[in-house]
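Reader: I'd like to go through this one piece by piece. Could you take my questions as they come?

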Amino acid sequence: METIQREGEWLDLVADLITRPLSGWPVDRILPMLGRSFGAPASTFYAQEPGGPIEQRGWPADLYADRLDDALRWGRERAPFDHPLLRYYLATGRDEAMQIADVPERFADRHVHERWRAACEDVFSVDVVSQVSLPVCLDDGTNRSFLIGRVDAYSPEEMALLRRLQRVFVGLDRQIAAHARWSARIGALAVPTADAVGLTPRESVVLDMLATGATARAIARRLTVGERTVQKHLQRVYAKLGVADRLAAVQRAQLLGLLPPPLVVRT
């Protein structure tokens with residue numbers, strides 16, 4: 001019953017988030033819920049773009065207190081060697097949800113675990129030895145992940161729920177990134193215009209991908225949803241724009257300012 005209740009709470013949250021025109025992760029909503037759902041005293045959002053600085057936001061707000069600089073320095077200098085999870089991801093290139101207790105010994109032996117426990121005590125000043133990572137984007141130097149830490153390991157039932165959450169988070173991350181690119185390219189009126197037409201953020205993203213020539217299957221793959229789901233989005237886009245096919249939808253969207261105007265070829 002407890003698992004069902006937690007799943008229902010997450011379903012409600014995600015259903016709300018996918019309807020919002022997000023250009024960044026709403027970590028202030030997700031981090032506390034991760035902590036409460038899994039009995040963890042700390043959760044963190046970790047983000048880094050290729051060649052860029054590390055962004056680290058924690059819950060509760062005073063998670064690192066006056067040790068944030070030390071935590072960031074440890075993340076840059078020691079984490080690739082002393083964090084069992086990061087060692088696993090760097091060695092395998094995989095991106096599944098994983099907890100420290102499940103990292104094979106060939107990637108993190110007892111010496112690595114000892115250094116990790118020491119870091120929890122000396123650097124972070126919080127007992128989060130049993131940590132689980134939910135990567136939402138590990139690609140070409142980009143890293144966006146949620147981390148949850150507590151004292152005891154996560155049960156198989158909890159890990160099953162976390163893996164389901166991760167799949168949803170990956171799809172939401174792709175929608176956030178695609179929506180941010182679309183709104184930045186179209187300009188300040190993009191979001192209010194889409195809202196006036198009645199397009200949801202997901203529908204705006206699907207329309208934008210449609211204009212590039214992407215098929216429903218390709219759109220589904222990029223957003224990690226089913227092809228049938230994309231077809232339903234397209235049906236709603238067509239209805240809201242008052243058109244019947246892809247070409248008319250793109251032309252109508254260009255006229256409304258939801259897509260860039262067509263290029264004019266001068267001869």
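Reader: Let's start at Ile219. Which helix is Ile219 in?
Author: Sure, and keep in mind that this is a predicted model. The helix that holds Ile219 covers residues 216-223. That run is α10.

Reader: Is Ile219 buried or exposed?
Author: The cut-off to have in mind is that buried means under 20% relative accessible area. Ile219 has a relative accessible area of 0%, so by that cut-off Ile219 is buried.

Reader: What does Ile219 touch, leaving aside its neighbours within four places in sequence?
Author: One partner is Val206, 13 residues from Ile219 along the chain, with 6.9 Å between the two C-alpha atoms. With those sequence neighbours set aside, the full set of contacts of Ile219 is Val206, Met209, Leu210, Ala214 and Val230.

Reader: Moving along to Thr224, where is Thr224, and what is its phi?
Author: Thr224 sits in the loop between α10 and α11, the latter being residues 227-241. Thr224 is partly exposed, at 37% relative accessible area. Its phi is positive even though the residue isn't glycine, with a value near 55 degrees.

Reader: Which peptide bond is cis, with omega near 0 degrees?
Author: Look at Pro60, in the loop between β2 (55-59) and α3. The cis bond leads into that proline, and omega there is near 0 degrees. The bond runs from Trp59 to Pro60.

Reader: On to Ala47 then. Is Ala47 buried or exposed?
Author: Ala47 belongs to strand β1. Buried means under 20% relative accessible area, and Ala47 comes in at 7%. Therefore Ala47 counts as buried.

Reader: Which residues does Ala47 touch, not counting those up to four places away in sequence?
Author: Leu11 is 36 residues from Ala47 in sequence and 24 Å away in space, C-alpha to C-alpha. The contacts of Ala47, on your terms, are Pro53, Ile54, Glu55, Asn143 and Arg144.

Reader: Which element gives the most to the lining of the largest pocket?
Author: That pocket holds about 710 Å³ of space. Its lining has 38 residues, and those nearest the centre are Tyr46, Ala79, Leu86, Asn143 and Leu147. Elements giving two or more residues include β1 (42-48), α5 (84-92) and β5 (142-150). The top contributor, with 6 residues, is β5.

Reader: How far apart in space are Ala160 and Leu234?
Author: Ala160 lies in helix α7, residues 156-186, and is partly exposed with a relative accessible area of 29%. In sequence, Ala160 and Leu234 are 74 residues apart. From C-alpha to C-alpha, the gap is 32 Å.

Reader: Zooming out, what share of the residues counts as buried?
Author: The protein has 12 helices and 5 strands, and its C-alpha atoms fill a box of roughly 65 × 50 × 35 Å along the principal axes. It exposes about 14,100 Å², with carbon and sulfur atoms supplying 53% of that area. Of its 267 residues, the buried share is 46%.

Reader: And how far apart do the centres of the positive and negative side chains lie?
Author: There are 34 positive and 34 negative side chains in the protein. The distance between the centres of the two sets is 8 Å.

Methods. Residues numbered from 1 in each chain as written. Predicted model: local features only at pLDDT ≥ 70, side-chain atom pairs only at ≥ 80, totals over all residues. Heavy atoms only, no water. Helix = DSSP H or I, 4+ residues; strand = E, 2+ residues; numbered from the N terminus. Buried < 20%, exposed > 50% of the residue type's maximum accessible area, 1.4 Å probe, protein only. Areas by Shrake-Rupley, 256 points an atom, 1.4 Å probe, with all protein chains shown as cover. Lys, Arg positive; Asp, Glu negative; His and termini not counted. Charge placed at Lys NZ, Arg CZ, Asp CG, Glu CD. 1 Å grid on protein atoms, 1.4 Å probe; cavity = no way out; pocket = protein on both sides within 12 Å on 5 of 7 lines; lining within 4 Å. Points joined across faces, edges and corners; volume = space filled by probe spheres on them. Contact = heavy atoms within 4.5 Å.
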